Amino acid sequence: MRMRWIVLVGGLSLGAFALSLLPPCSNPLMAQAGCCKMRPALNAPWTKRPDMTLAACRDQNSQKDKDDLFEPSGLVWWDRACR
């Protein structure tokens, strides 16, 4: 009987620990993550624009590139990791 309690308490503790390791925001749309990056030409290096919001970055992308905002293919893109 005592062994059952030890296994039960150990299992519950392990489950609580596993739940605490889950990320606090599982839906990436709940918070703005990343930063806008721009460059003057396709062969120029990227410049971070931390002052721009996702909406402003999307507007710049629609004016200059009209491509996928989340792919680094044109002059403006949103880097989700902000590397």
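Q: What makes Cys36 and Cys57 a disulfide in this predicted model?
A: Look at their sulfur atoms: they sit 2.2 Å apart. The cut-off for a disulfide is a pair of cysteine sulfur atoms within 2.5 Å, so the pair counts. With 75° about the S-S bond, the link of Cys36 and Cys57 is right-handed. Cys36 lies in strand 1 and Cys57 in helix 2 (residues 54–64), so this bond ties together parts that are 21 residues apart in sequence.

Q: How do you know that Cys35 and Cys82 are joined by a disulfide?
A: Same kind of check: S to S comes out at 2.1 Å, and the limit is within 2.5 Å, so they pass. The link of Cys35 and Cys82 is right-handed, with 100° about the S-S bond. Cys35 belongs to strand 1 (residues 35–38) and Cys82 to the segment after strand 3 (76–79), so parts 47 residues apart in sequence get tied together.

Q: Why is Cys35 called buried?
A: Its relative accessibility is 4%. Buried means under 20%, so Cys35 fits.

Q: Why is Cys82 called partly exposed, then?
A: Cys82 has 26% relative accessibility. Partly exposed runs between the 20% and 50% cut-offs, so that's where Cys82 belongs.

Q: What makes Leu8 partly exposed?
A: Leu8, which sits in helix 1 (residues 2–20), has a relative accessible area of 44%. Exposed would need over 50% and buried under 20%, so Leu8 falls in between. Leu8 also helps make a nonpolar surface patch of about 590 Å², along with Met1, Trp5, Val9 and Leu12.

How values were computed. Residues numbered from 1 in each chain as written. Predicted model: local features only at pLDDT ≥ 70, side-chain atom pairs only at ≥ 80, totals over all residues. Heavy atoms only, no water. Patch = residues over 30% accessible without salt bridge, like charges linked within 9 Å, V, L, I, M, F, W, Y side chains within 5 Å. Areas by Shrake-Rupley, 256 points an atom, 1.4 Å probe, with all protein chains shown as cover. Salt bridge = Lys/Arg side-chain N within 4 Å of Asp/Glu carboxyl O. Helix = DSSP H or I, 4+ residues; strand = E, 2+ residues; numbered from the N terminus. Buried < 20%, exposed > 50% of the residue type's maximum accessible area, 1.4 Å probe, protein only.
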